[in-house]
Amino acid sequence: MKQSPRRLASCAAFLALGSAALLPAAVQASSHREAPFVTSIPKADATDFYMFRSYEPGRDKFVTLLANYVPLQDPYGGPNFFMMDPNALYEIHVDNNGDAKEDITFQFRFTNTNKDAQFTVGGKKVSIPLVINGGAIAGADAPGVNVRETYTVNVVRGDRRGGTRGAVTNAGSGAATFDKPIDNVGNKSIPDYAGYAAKHVYEVKIPGCETPARMFVGQRKDPFVVNLAETFDLVNIKAPAVEFDANAERASRDDLADKNVTTIALEVAASCLTAPGDPVIGGWTTASVRQGRLINPAPGAAAAPSKEGGAWTQVSRLGMPLVNEVVIGLKDKDRFNHSKPSADAQFADYVTNPTLPMLVETLFGNAGAKAPTNFPRNDLVAAFLTGVKGLNQPAKVTPAEMLRLNTSIAPATKGAQKRLGVIDGDNAGFPNGRRPGDDVVDIALRVVMGKLCTLNLGCAPADAPAGAIRFTDGAYLDDSAFTAAFPYLKTPLSGSPQGQAQAQARR
């Protein structure tokens, strides 16, 4: 049966996001399991990166950096839940002179201390098997928590390994070690999780920065929204979602509605991140592990299950969303995760001559979903590699993939933000940085199919026959899904049955 052009065009949008369904790739969501190797070490897998002018009232002179790790966390995923890896190095990098090299790096290391809580059973002291040992949890390092997770942070100026480094410290106590809240185990264990987590928001001093910053590390509700399962099932979308009408952008489901994630959040004065004379900064996040690992065949209380050694080796990288999923070819996905922006010339063909629009045209070109015809794709070069001139391109720029933010553009308050960011006239949104309420799936689908050409940004309207189509995955997102204050992401879903019911109600 012949389908309508509108229906096929919308199908093409879903296929654009879910082309991995037709390829032998292990790809999910914004950066959830996006490359084959990182699926084997999920604690080092970066899922999303956000960088935006803070829109909390009174904080507009600050930039918020949110780096999410450990994808697809089921709220009930005990008994060990989702601690960060003490053998990994988590980093947020900032380039403030456009040379594709980090100028400022925030390095996070984690330590897990087993308190070995015990019960007396039949006259013998016996170690308990759970991370909660009885009694409600309300504050940091509570007695009822059996494993204390702490972290330290260094700021490095210059090269991430050879630069000048100093410890980030608590502005009140001067301490250099911080507590991370336990995950949201359940309502009986932690009756007021929001209040408990708030006690882990710290005011901190950053060496070389006069203005105190704020910091939080802990579990949050996964902020990414995407219609995942049906997209990957050969675009198996129900009729209300694929029929392109006024409700298409809200017609499908969010498959991450019942998932949590672990967030590293920093709010730093913009003046501490920018270089003199240029308000544009670039940012990306990475995770690294030691080059060597020996597995201990007989681990125990005094013997770790593995021995880590050798140089730090990067295994995860994330700047702009969806790049490794739908831009980088399958054979180079692991290479991209191990690479630095300064070496991105090796991936240039994936941006200048992208395969995704051609796949859409191959399948749905007879319905009007034609790929853009401008080669090289300078519009995508601007969006992904240089920043858009006059918006977020540095004064001097080396083409490299990263998220770029013009810190001189005032933030839009919560409720005034436009979910489609720049392509809808909101220059404070994606791709000028990325806010939690920016619907990057819909934006990216439209940009890859030529939306910027309709705005004469890097190409002309005639270059993009499908540039005006409002591609969507049907999973709606705007700033109503987030809070108005740091760390902006919502309280994680509870692991208790009540929490699971809440998650199901959101779907």
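# Exercises on a predicted model

Numbered in sequence order, the bonded cysteines of the chain pair as 1-2, 3-4. The model is a predicted one.

## Exercise 1. The disulfides

Find the disulfides, give the handedness of each, and state whether their cysteines are buried or exposed.

Solution.

1. Count them. The structure holds 2 disulfides.
2. Take Cys-209 and Cys-272. Their sulfur atoms are 1.7 Å apart. The cut-off for a disulfide is 2.5 Å, so the pair qualifies.
3. Place this pair in the chain. Cys-209 sits in the loop between β11 (202-205) and β12 (213-221), and Cys-272 sits in helix α5 (residues 270-273). The two are 63 residues apart, so this bond links distant parts of the chain.
4. Read the torsion. About the S-S bond of Cys-209 and Cys-272 it is about 70°, so this disulfide is right-handed.
5. Check burial. Buried means under 20% relative accessible area. Cys-209 has 11%, so Cys-209 is buried. Cys-272 has 14% and therefore also counts as buried.
6. Turn to Cys-453 and Cys-459. Their sulfur atoms lie 1.9 Å apart, and they form a disulfide. The S-S torsion is about -100°, so this disulfide is left-handed. Both Cys-453 and Cys-459 are buried.

## Exercise 2. The surroundings of Asn-68

Locate Asn-68, state whether it is buried or exposed, and list what it touches.

Solution.

1. Locate the residue. Asn-68 is found in strand β2 (residues 62-73).
2. Check accessibility. The relative accessible area of Asn-68 is 0%, so Asn-68 is buried.
3. List the contacts, leaving out residues up to four places away in sequence. Asn-68 touches Asp-45, Ala-46, Thr-47, Asp-48 and Tyr-50, among others. Its contacts also include Pro-223, Val-261, Thr-262, Thr-263 and Leu-489.

## Exercise 3. A hairpin

Describe how strands β5 and β6 pair, and find the residue with a positive phi in their hairpin.

Solution.

1. Set the strands. β5 covers residues 118-121 and β6 covers residues 124-127.
2. Read the pairing. The sense is antiparallel, over 4 bridges.
3. Pick one bridge. Thr-120 has Lys-125 in β6 as its bridge partner.
4. Look at the turn. There are 2 residues between the strands, and Gly-122 takes a positive phi near 60°.

## Exercise 4. Salt bridges

Examine three of the salt bridges, and state where their residues lie or whether they are buried or exposed.

Solution.

1. Start with the total. The whole structure has 24 salt bridges.
2. Take Glu-56 and Arg-214. Their side chains meet at 2.7 Å, N to O. Glu-56 is in the loop between β1 (46-53) and β2, while Arg-214 is in strand β12, 158 residues apart. With 15% relative accessible area, Glu-56 is buried. Arg-214, at 17%, is buried as well.
3. Take Glu-401 and Arg-317. This salt bridge spans 3.5 Å, N to O. Glu-401 lies in the loop between α10 (378-386) and β16 (403-406), and Arg-317 in strand β15 (residues 306-318), so the pair ties together parts 84 residues apart in sequence. Glu-401 and Arg-317 are both buried.
4. Take Asp-332 and Lys-331. Their side chains meet at 3.3 Å, N to O. Asp-332, at 10% relative accessibility, counts as buried. Lys-331 has a relative accessible area of 71%, so Lys-331 is exposed.
5. Trace shared partners. Salt bridges join Glu-56, Arg-59, Arg-214 and Glu-267 into one network.

Technical notes: Residues numbered from 1 in each chain as written. Predicted model: local features only at pLDDT ≥ 70, side-chain atom pairs only at ≥ 80, totals over all residues. Heavy atoms only, no water. Buried < 20%, exposed > 50% of the residue type's maximum accessible area, 1.4 Å probe, protein only. Contact = heavy atoms within 4.5 Å. Pairing = 2+ DSSP bridges. Salt bridge = Lys/Arg side-chain N within 4 Å of Asp/Glu carboxyl O.
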